[in-house]
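Thanks for coming. I will go through one protein chain today, so please look at the display before I start.

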Amino acid sequence: MTRPGGRRRPILKYTEAQTVAHQRLQGFTPPRRVEHEQWARILTRAFKTLRALGLR
């Protein structure tokens with residue numbers, strides 16, 4: 001028996017799996033005394049280096 005709205009169990013809409021991010025070490029917030037633009041360049045270089053090394 002279906003209910004209005006086309007779903008049998010509308011509560012499942014609110015209980016579907018979600019991705020949870022986990023930060024290790026520093027995170028994305030820049031350390032004190034580091035400008036946001038400079039921190040963005042550092043993170044970009046770090047991610048590109050890790051990708052080039054095959055570490056993602």
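**A surface patch and one helix**

In this predicted model, Phe 28, Phe 47, Leu 50, Leu 53 and Leu 55 make up a nonpolar patch on the surface, and together they have about 520 Å² of accessible area. Patch members have over 30% relative accessible area and no salt bridge, with nonpolar side chains (Val, Leu, Ile, Met, Phe, Trp, Tyr) joined within 5 Å and like charges within 9 Å. A salt bridge is a Lys or Arg side-chain nitrogen within 4 Å of a carboxyl oxygen of Asp or Glu. Areas are Shrake-Rupley values with a 1.4 Å probe, and for residues only the protein chains shown count as cover.

A word on conventions. Residues are numbered from 1 along each chain as its sequence is written, and side-chain values use heavy atoms, without hydrogens and water. Local features need pLDDT of at least 70 and side-chain atom pairs 80 or more, while totals for chains, interfaces and linings use all residues.

The chain has one helix and zero strands; these are DSSP runs, numbered from the N terminus (helices H or I, at least four residues; strands E, at least two). Helix H1 has 17 residues and spans 24 Å from first to last C-alpha, close to the 24 Å expected, taking 1.5 Å times one less than the number of residues.

Leu 55 sits in the segment after H1 (36–52). Is Leu 55 buried or exposed? Leu 55 is exposed, at 59% relative accessibility; exposed means over 50%, buried under 20%, partly exposed in between (1.4 Å probe, protein chains only). Of the 56 residues, 7% are buried.
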